[in-house]
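Please open the structure in your viewer and keep the sequence beside it. The tour below goes from one selection to the next and says what is found at each stop.

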Amino acid sequence: MARLKRFHVLASVVLRPPEPIVGQDGETDGAATGYYQNIGLTAESESSARTLVAQSILDGSVVWSECETRELSYFGARALTRPLRPSDLRAFRAKTTGIWYKSGRVLY
């Protein structure tokens with residue numbers, strides 16, 4: 001097994017179907033066609049990281065040409081999750097592959 005690495009992916013996702021945007025007054029004000037989301041994960045390679053991300057997105061399609069992927073050190077990974085506790089400590093500690101952080105979605 002190859003050495004496991006931590007990655008940060010800024011994912012761009014096109015929604016299927018678009019989600020209505022509802023204002024505070026309850027009125028629909030257009031539709032969101034996609035979103036950005038930060039994802040922290042551990043994988044063997046960048047290609048494996050992309051596969052994990054794609055499998056975790058259930059409401060749309062990842063647009064890889066608009067995504068950013070970078071390898072993280074342990075300290076970079078800690079900064080990404082602070083002050084939260086990683087959702088999968090074994091993956092965060094690079095003992096197994098998996099997603100250990102997902103931010104909220106920023107709609108567009």
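Which side chain of opposite charge is nearest to R6, and how far away is it? Select R6 and E71 together: R6 is buried yet has no salt bridge, and the nearest side chain of opposite charge, that of E71, is 7.8 Å away. Here buried means under 20% relative accessible area, exposed means over 50%, and partly exposed is in between, with a 1.4 Å probe and protein chains only. A salt bridge is a side-chain nitrogen of Lys or Arg within 4 Å of a carboxyl oxygen of Asp or Glu, and for charge Lys and Arg count as positive and Asp and Glu as negative, while His and the chain ends are not counted.

Before going further, note that this is a predicted model, in which local features need pLDDT of at least 70 and side-chain atom pairs count only at pLDDT 80 or more, whereas totals for chains, interfaces and linings use all residues. Residues are numbered from 1 along each chain as its sequence is written, and side-chain values use heavy atoms, with hydrogens and water left out.

**The whole chain**

Zoom out and show the chain as a cartoon, where three helices and six strands can be traced; helices (H or I, at least four residues) and strands (E, at least two) are DSSP runs, numbered from the N terminus. Followed along the sequence, they come in the pattern β-β-α-β-β-α-α-β-β. Along the principal axes, the C-alpha atoms fill a box of roughly 50 × 30 × 20 Å. Of the 108 residues in the chain, 34% are buried. If contacts (heavy atoms within 4.5 Å) between residues at least 6 apart in sequence are considered, 68% of them join residues at least 24 apart.

**Around R6**

Return to R6, which belongs to strand 1, residues 5-22. What lies 2.7 Å from a polar atom of the side chain of R6? Select F92 and show its backbone, since the answer is the backbone oxygen of that residue. Beyond its neighbours within four places in sequence, R6 is in contact with a set of residues that includes L41, T42, Y74, F92 and W100. E71 is also among the contacts of R6, although the two form no salt bridge.

**The salt bridges**

Next, colour the charged side chains; those of opposite charge can pair when their charged atoms come close. In the whole structure, a search finds four salt bridges. Begin with R3 and E71, whose side chains meet in a salt bridge at 3.7 Å, N to O. Because R3 lies in the segment before strand 1 and E71 in strand 4, this pair ties together parts that are 68 residues apart in sequence. R3 is exposed at 57% relative accessibility, while E71 is partly exposed at 44%.

Now move to helix 1, residues 46-56, where E46 and R50 are four residues apart and therefore separated by about one helical turn. The closest N and O atoms of their salt bridge are 3.8 Å apart. Both residues are partly exposed, E46 with a relative accessible area of 38% and R50 with one of 29%.

Then select R105 and D59, a salt bridge in which the closest N and O atoms are 2.6 Å apart. R105 is in the loop between strand 5 (98-102) and strand 6 (106-107), and D59 is in the loop between helix 1 and strand 3 (60-62), so that the pair links distant parts of the chain, 46 residues apart. Add E19 to the selection, and a network of salt bridges linking E19, D59 and R105 comes into view.

**Strand 4 and the loop after strand 5**

Select E68 in strand 4, residues 68-72, which is exposed with a relative accessible area of 54%. Apart from residues up to four places away in sequence, E68 touches H8, V9 and L10. The C-alpha atoms of E68 and N38 are separated by 9.5 Å, with their positions 30 residues apart along the chain.N38 is met again at S103, a residue of the loop between strand 5 and strand 6: leaving aside neighbours within four places in sequence, S103 is in contact with Q37 and N38. S103 is buried, with a relative accessible area of 15%.

How values were computed: Polar contact = N/O pair within 3.5 Å; in protein donor to acceptor, adjacent residues only side chain to side chain.
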